[in-house]
Amino acid sequence: MDNSSIIRTLKRGLITQRPGAPEGVMMWTLEDLDEPAPGWKWCMKVDRQVFPNGYQGIQHRNLARDAVESVEFAPDSRDFGAAKENESESNKPF
């Protein structure tokens, strides 16, 4: 499954104002998404006789936060090394 559309929707909600709310109130915040939805919590309550170890399936995680934290803001030194090599080759005479 590709999570890119889910991540785009979550990010859009972080910057979109909630309809009818005061100025500056967005649809949700990163902190709102850190907490599992009430429906998720309700579904995780399983019968211990059927599942003695409890629910062991997919764990909740904030995909919007994962996407924000995985972005690299500073250029990597390797990026400049490749450019310098290409530049020195282009300056060589025939």
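Here are four short exercises with worked solutions on this predicted model.

**Exercise 1: The overall layout**

Work out how many helices and strands the protein has, and in which order its elements run.

*Solution.* Start with the count: the secondary structure comes to five helices and zero strands. Next, walk along the chain from the N terminus, and the elements read α-α-α-α-α. Now turn to the surface. The protein has 94 residues, of which 10% are buried. Its accessible surface is about 8200 Å², with 57% of that belonging to carbon and sulfur atoms.

**Exercise 2: Ile 15 and Ile 58**

Find where Ile 15 sits and where Ile 58 sits, then decide for each whether the residue is buried or exposed.

*Solution.* Take Ile 15 to begin with. This residue belongs to helix α1, which spans residues 4–15. Its relative accessible area is 68%, and exposed means over 50%, so Ile 15 is exposed. Along the chain, Ile 15 and Thr 29 are 14 residues apart, and 8.9 Å separates their C-alpha atoms.

Now for Ile 58. You will find this residue in the loop between α3 (38–43) and α4 (63–69). With a relative accessibility of 63%, Ile 58 counts as exposed because the cut-off is over 50%. Ile 58 also has partners: together with Trp 40 and Tyr 55, it forms a nonpolar patch on the surface, and the three have about 300 Å² of accessible area together.

**Exercise 3: A network of salt bridges**

The structure holds three salt bridges. Work out which residues are linked in a network.

*Solution.* Begin with Glu 31, which pairs with Arg 65; their closest N and O atoms are 3.9 Å apart. This pair joins distant parts of the chain, as Glu 31 is in helix α2 (residues 30–34) and Arg 65 is in helix α4, 34 residues apart.

Then look at Arg 65 again. Its side chain also meets that of Asp 34 in a salt bridge, at 2.9 Å from N to O. Here too α4 is linked with α2, with the two residues 31 positions apart.

Put the two pairs together: Glu 31, Asp 34 and Arg 65 form a network of salt bridges. As for accessibility, Glu 31 is exposed at 54%, while Arg 65 is partly exposed at 22% and Asp 34 is partly exposed at 33%.

**Exercise 4: Another salt bridge**

Find which residue forms a salt bridge with Glu 35.

*Solution.* The partner is Lys 41, and the closest N and O atoms are 2.6 Å apart. To finish, check each side: Glu 35 is partly exposed at 45%, and Lys 41 is partly exposed at 39%.

Terms used:
Residues numbered from 1 in each chain as written. Predicted model: local features only at pLDDT ≥ 70, side-chain atom pairs only at ≥ 80, totals over all residues. Heavy atoms only, no water. Helix = DSSP H or I, 4+ residues; strand = E, 2+ residues; numbered from the N terminus. Buried < 20%, exposed > 50% of the residue type's maximum accessible area, 1.4 Å probe, protein only. Areas by Shrake-Rupley, 256 points an atom, 1.4 Å probe, with all protein chains shown as cover. Patch = residues over 30% accessible without salt bridge, like charges linked within 9 Å, V, L, I, M, F, W, Y side chains within 5 Å. Salt bridge = Lys/Arg side-chain N within 4 Å of Asp/Glu carboxyl O.
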